[in-house]
Amino acid sequence: MRERVLRLPGSMSRVRQRRVLPIAVVVLVALVSLLIGSIRPQAGATELTVASPLLGAVRWDFWYPGNARKGIVDPTLFTDFPSRQPVYGWYDNNASGGVPDHAAVMDRQITDAADRGLDYWAFVWYDPLQQYPSCCGQAMKPFEDYMASPLKQRMKFTFIIQSDGVAGGDPTDPNSRESHWRSDFVPHFKQMLSDPQYLKISGAGGAAFAEPRPVVYWFDTPALASKPRGFGASWATEMAYFIKEIDSVPGLGKPFFVDNNMNLGAYDTFGSANGQEFIKAVTSYGPSGASPGSGRQCWSAQAAKDVANRGPYPGRTGLLTVPGVTPVNDPRPRNPENYGFSYGFHSQAPTYSQWRTHLSSTYDWMRSHRAQVTDPPIALTYAWNELDEGGGGIIPTVQDGTRYLDAIASVESGRLPDTWDDVFNGDNCSIARAGSGWVHWAPSPGLYDDDEEISLGGGDTATLASDDTIGFEVTGTRGPNRGVMQIYIDNVLRATVQLNSSTWRIREVLYRDFTLPSGRHTVRLRNASTQGLQMGVDTITARVRPLRSGPNLALGHPPASAYTASSVWDGNQAAPTAFDGQPGTWWQAASGSTFNEQWLAVTFPGPTTFNRVVLSEYEDNRTTGYRIEFCPQVSCQDGQWQVAYTGTTIGPSTTATFPEVTGQRARIRFTAGRFTPIIFEFAIHHAT
């Protein structure tokens with residue numbers, strides 16, 4: 001076990017704690033092993049084995065005919081954003097009739113989600129008594145279909161409870177929600193949380209629970225202590241009653257509450273920081289807690305916001321993390337005219353590779369931060385079907401099919417498909433646009449993501465570089481005001497496309513070639529028009545066929561002196577720990593060292609050919625410049641090292657592929673960053 005590392009300014013420390021079961025449990029295990037011979041008693045403390053992470057998705061089930069009205073679903077969703085339509089149709093809720101196959105649709109959704117590794121749905125809970133039919137009771141109809149489905153056992157479920165959904169109003173008024181809290185809502189929750197398929201955890205923060213605890217997400221926690229949306233001054237009494245009632249169920253522990261809006265302050269008032277058995281962890285809910293900023297945001301900013309939301313949280317020891325992962329966060333269909341306010345931002349959707357990488361790094365983070373997460377570790381994605389507030393969601397849609405779910409399946413299985421398509425919307429930040437004539441045109445119904453990037457000036461270019469790529473497809477619009485597009489692949493002109501047409505034709509395939517050798521390739525689109533004619537870019541698709549990495553060539557080179565570094569923080573953070581294949585160990589340069597010119601190296605037994613490295617650093621993305629270098633012989637002076645690859649950021653996981661090189665030593669040399677370098681893993685491969 002690693003020692004506790006003192007956190008100093010700019011350093012990284014992590015405590016890996018051994019979980020100790022109660023003595024009675026250890027004795028029971030030993031007795032059982034003696035009786036049936038199936039368990040071997042262990043000397044000393046018993047370490048709890050952490051299960052694989054569980055991934056859930058938010059469900060907001062207002063998808064019934066007639067839902068397009070003020071405050072529920074903005075009608076512009078159906079007219080201006082057709083790309084978000086699920087493959088099952090817009091409606092799967094039979095609350096108002098008109099969806100006769102609603103039960104069959106639920107069965108298909110369970111199958112599609114479970115087959116690809118989604119573990120649970122977090123249903124946004126509304127009053128099942130439907131005391132307020134003009135508002136929200138209809139949203140529970142799909143939940144009823146789920147509960148009645150013969151496939152229910154394939155998916156777990158949990159609830160997202162909103163403060164004003166169970167409290168508020170005069171408790172003596174029979175029409176108020178609060179009047180139903182003890183008499184109706186708590187008994188209902190008591191029954192639901194006892195269901196075998198309800199999501200439960202066996203431990204958290206490195207400690208095991210005596211009994212499984214049901215997970216409850218809580219939305220708008222601060223409102224609990226106020227009126228008219230919460231219980232007001234009696235909130236602690238009412239929540240204590242709820243906790244006591246659930247805890248009274250045989251075999252069931254207290255609810256494990258997670259604030260659903262990244263309200264860190266909720267822990268101070270409603271958590272153990274204030275002596276309360278309420279908020280234990282935080283997560284995010286799309287626009288509420290995971291907004292990366294105002295205006296149009298790059299996917300990288302959205303992913304970085306998810307990372308920034310992870311703990312630990314200074315000054316709040318004991319507050320845990322349920323990582324929020326946010327592939328869609330685009331509330332543009334919700335207009336101020338309908339909702340009375342503007343969200344003021346939207347995030348770009350990720351490609352398959354971007355989403356898979358983000359999800360995979362989240363799983364790695366949960367596995368390596370056992371003291372910061374639950375057991376099993378749970379994460380929550382936004383969202384399954386918040387089609388207007390969030391985006392197309394991870395639900396299969398007519399535009400994206402099962403792309404998001406397929407990436408989940410890949411991460412869960414640890415296997416990559418042989419080939420996949422990364423579809424870059426025209427406004428994706430990975431596409432470098434040059435020139436002065438670019439405008440974003442939205443909404444543009446029927447185009448990819450219902451928008452288009454349009455060049456108004458001759459000479460404007462849009463350039464995309466993609467690794468492990470065997471070719472590109474370009475789609476765009478032909479029409480009366482369109483001109484000429486030139487398409488360059490690796491700086492060679494491959495096609496000149498006439499875009500002018502007497503009629504409008506959208507989503508036209510303008511170019512397609514998937515016959516390149518796998519590697520890093522670049523496509524550049526140039527507006528070759530004159531007289532002010534336009535060039536529109538709808539999508540650029542890169543077809544990816546990754547080289548197979550093969551074994552990690554940096555592993556297993558005794559003695560430990562094969563691994564060296566410019567400096568080390570201490571003996572527990574020395575060079576060999578970055579080459580051991582364990583994501584929970586790391587190398588850190590010495591305290592007080594400058595980032596520039598620090599290095600980390602491996603010496604091979606003989607000349608070794610490689611063309612790929614996989615790097616993982618501390619999650620604050622401290623590196624901003626580095627080089628992968630190799631030495632043809634055993635020993636090299638600084639001027640003798642040759643550069644194989646030059647990179648910028650690393651983050652939780654970065655793969656760099658480059659032309660083959662052969663050397664007896666390889667190293668990463670840092671050229672820019674902040675604090676000191678921290679590398680969890682430095683893997684080296686010969687990819688073929």
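**Helix packing, strand pairing and backbone exceptions in a predicted model**

Let me begin with helix α3, residues 102–115, and helix α4, residues 141–148, whose axes come within 9 Å of each other and cross at roughly 70°. That angle makes α3 roughly perpendicular to α4, and I should say at once that what we are looking at is a predicted model. On the α3 side the contact is made by His102, Ala103, Met106 and Ile110, while α4 contributes Pro142, Asp145 and Tyr146. Sorted by class, the residues in this contact of α3 with α4 are five nonpolar, one polar and one charged.

As a reminder of the vocabulary, two packed helices are described by the angle between their axes and the distance between the axes. With that in mind, I turn to helix α11, which has two contacts to discuss. The axes of helix α9, residues 299–308, and α11 come within 11 Å and cross at roughly 10°, which makes α9 roughly parallel to α11. Here Trp299, Ala303, Asp306 and Val307 of α9 make the contact with Gln354, Trp355 and His358 of α11, and by class that gives four nonpolar, two polar and one charged residues.

The other contact of α11, which spans residues 352–368, is with helix α12, residues 403–413, and there the two pack at an angle of about 40° with their axes 9 Å apart. This makes α11 oblique to α12, and the crossing of α11 and α12 is right-handed. From α11, the residues involved are Tyr352, Trp355, Arg356, Leu359, Ser360 and Tyr363, and they meet Arg403, Tyr404, Asp406, Ala407, Ile408, Ser410, Val411 and Glu412 in α12. The contact of α11 with α12 has eight nonpolar, two polar and four charged residues. You will notice that Trp355 of α11 appears in the contact with α9 and also in the one with α12.

Now to the strands, where pairing runs through backbone hydrogen bonds, either parallel or antiparallel. There is an open sheet of three strands in the order β16-β17-β23, and the pairing in it is antiparallel. Its edge strands are β16, residues 438–441, and β23, residues 535–537, each of which pairs on one side only, and from one strand to the next the twist averages 30°. Between β16 and strand β17, residues 452–455, there are four bridges, with the two strands running antiparallel, and Trp441 has Glu452 in β17 as its bridge partner. In the loop between β16 and β17 sits Asp450, whose phi is positive, near 60°, although the residue is not glycine.

A related case is found at strand β19, residues 484–489, and strand β20, residues 492–498, which run antiparallel and are joined by six bridges. Ile489 has Val492 in β20 as its bridge partner, and the hairpin has two residues between the strands, with Asp490 taking a positive phi near 50°.

For context, most residues other than glycine have a negative phi, and most peptide bonds are trans. Where, then, are the peptide bonds that are cis? One cis peptide bond joins Lys227 and Pro228, with omega about 10°, and Pro228 has its place in the loop between β5, residues 207–219, and α7, residues 235–247. Another cis peptide bond joins Tyr382 and Ala383, with omega about 0°, and Ala383 is placed in the loop between β13, residues 378–381, and α12.

I will finish with the aromatic residues, of which the structure holds 46 pairs. One of them brings together Phe157 and Tyr198, and because their ring centres are 5.1 Å apart and their planes stand at 85°, the pair is edge-to-face. Phe157 lies in strand β3, residues 156–162, whereas Tyr198 lies in the loop between α6, residues 181–193, and β4, residues 200–204, so the pair ties together parts that are 41 residues apart in sequence.

Conventions. Residues are numbered from 1 along each chain as its sequence is written. This is a predicted model: local features need pLDDT of at least 70, side-chain atom pairs count only at pLDDT 80 or more; totals for chains, interfaces and linings use all residues. Side-chain values use heavy atoms; hydrogens and water are left out. Axes are lines fitted to C-alpha atoms, for helices over the stretch in contact, and angles run from 0 to 180 degrees between N-to-C directions. Angles under 35 degrees count as roughly parallel, over 145 as roughly antiparallel, 65 to 115 as roughly perpendicular and the rest as oblique. A crossing is left-handed if the near helix is turned anticlockwise from the far one by less than a right angle, and right-handed if clockwise. Contact means heavy atoms within 4.5 Å. Ala, Val, Leu, Ile, Met, Phe, Trp, Tyr, Cys and Pro count as nonpolar, Asp, Glu, Lys and Arg as charged, and the others, Gly among them, as polar. Two strands pair if DSSP finds at least two bridges between them. Rings of Phe, Tyr and Trp (its six-membered ring) pair if their centres lie within 6.5 Å; planes under 30 degrees apart count as stacked, over 60 as edge-to-face and the rest as tilted.
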